[in-house]
Every structure is written in C-alpha cells, then in structure tokens.
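I am opening my notebook on a structure I have not looked at before. I will write down what I looked up, entry by entry.

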Amino acid sequence: MRTGATLKEAIGIIILADVVMSFDNVMAISAAARTIAETLNLTAIVCYTASGATALRAARERPSQPIIALTPIPTTGRKLALVWGQHCVLTDDPSDLDDMVVKACRIADREGFAKPGDSVIISAGVPLGKSGATNSRRC
C-alpha cells in the first residue's frame, strides 16, 4: 500500500455536528455505524476513543464486523481489551481528518482486519482528541 493511501476511496461522507452531543445522539451514531457496516458489507468498524466510551457504545450494538478501538491511553486500552468484539490498539491521536483515515486504514491492514481494496467505517469525535465528543462517522 502506498504512503498516505486508504484501503479504498471513501464511500460515504463525514457528518459533523455543532451541537452538544447527548447520550442519545452518540448511540444513534453507533447504531448508524453498525447499520452502514452491515448494509455495505464493510470489513470493520474503527473507533477513535480516549475514554473508551465510543468503542463501548459500538460494542453495545453487537455488529457482525470486528471493532478496532484506537486509543492513545494505555489504561483505556487495557479496559477495552475485555469488551465484547473489541480489538484495541494503542496509537497517537491523529492530527487531522485525513490522518485519521490513513491511520485507521493502516492499522486495520496491519492488524489483519482488512486488506487493500476493503472498506471500513470510522467513528470519532470532532474536534479530534476531545473526550466525549463522538459526533462523526466516515466510511
């Protein structure tokens, strides 16, 4: 895979919300990620998470695809290692949305969950690195 390449061109859009995210909104994004992953037969669901909440909500949906939880915090990684359907990887926070996609795809490839040509869906909060801000998804 060439540097900066994603596994596949994005087949969806990013949805950003400029509102305070409630529990219901975050649950809706997790449910939407599962539905999109299953409908489009995507390879995996990737969740960027600092506190672990994004990945926990994704697991609550019980998707048929594996969930790759990406976190910069070792304590969060250890906690998520015990959660149903999770594969946790410690990584630095992405610097921007393009870096988020590249990192997610490289890690999914490296960890054996996807190969070039496969598609994944990414769930994260914007602004990046802010805990409790899950308000976007990208596939």
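**Entry on strand 4.** I began with a pairing, and found that Val46 has Ile122 as its bridge partner in strand 4. Since I am working from a predicted model, I take each value below as computed from that model. I then looked up the strands behind this pair, and noted that strand 1 (residues 44-48) and strand 4 run parallel and are joined by four bridges. Next I asked myself how many residues of strand 4 (residues 120-125) are buried. The count I wrote down is six of six, so that strand 4 is mostly covered. I also checked which way its residues point: Val120, Ile122 and Ala124 go one way, while Ile121, Ser123 and Gly125 go the other way, and all are buried.

**Entry on the whole chain.** I stepped back to the chain and counted four helices and five strands, which follow one another along the sequence in the pattern α-β-α-β-α-β-α-β-β. The chain has 139 residues, and I noted that 45% of them count as buried. Turning to contacts between residues at least 6 apart in sequence, I found that 57% join residues at least 24 apart. For the accessible surface of the chain I wrote down about 7000 Å², with 53% of it belonging to carbon and sulfur atoms.

**Entry on helix 2.** Which residues of helix 2 (residues 53-60) are buried? I listed Thr54, Ala55, Ala58 and Ala59. These residues cover an arc of only 135 degrees around the axis, and therefore they lie on the same side of helix 2. Just after helix 2 I came upon Arg62, which takes a positive phi of about 50 degrees.

**Entry on salt bridges.** I looked up the salt bridges next, and the structure holds four of them. One of them brings together the side chains of Glu38 and Arg34, at 3.5 Å from N to O. I wanted to know where these two sit, and found them four residues apart in helix 1 (residues 23-39), which means that about one helical turn separates them. Both ends have some exposure in my notes: Glu38 is partly exposed at a relative accessible area of 35%, and Arg34 is partly exposed at 22%. I added that Arg34 and Glu38 belong, with Glu61, to a network of salt bridges.

I then turned to Glu111, which forms a salt bridge with Arg110, where the closest N and O atoms are 3.4 Å apart. In this pair Glu111 counts as partly exposed, at 30% relative accessibility, whereas Arg110 counts as exposed, at 56%. Another salt bridge that I noted joins the side chains of Lys115 and Asp118, at 3.5 Å from N to O. Is each partner here buried or exposed? Lys115 counts as exposed at 52% relative accessibility, but Asp118 counts as buried at 17%, because the cut-off for buried is under 20%.

**Entry on cysteines.** Last, I looked for disulfides, which require a pair of cysteine sulfur atoms within 2.5 Å, and by this rule the count comes to zero. I still recorded the surroundings of two cysteines: Cys88 counts as partly exposed, at 23% relative accessibility, while Cys105 is buried, with a relative accessible area of 4%.

Methods:
Residues numbered from 1 in each chain as written. Predicted model: local features only at pLDDT ≥ 70, side-chain atom pairs only at ≥ 80, totals over all residues. Heavy atoms only, no water. Salt bridge = Lys/Arg side-chain N within 4 Å of Asp/Glu carboxyl O. Buried < 20%, exposed > 50% of the residue type's maximum accessible area, 1.4 Å probe, protein only. Pairing = 2+ DSSP bridges. Arc of directions from axis to C-beta. Contact = heavy atoms within 4.5 Å. Areas by Shrake-Rupley, 256 points an atom, 1.4 Å probe, with all protein chains shown as cover.
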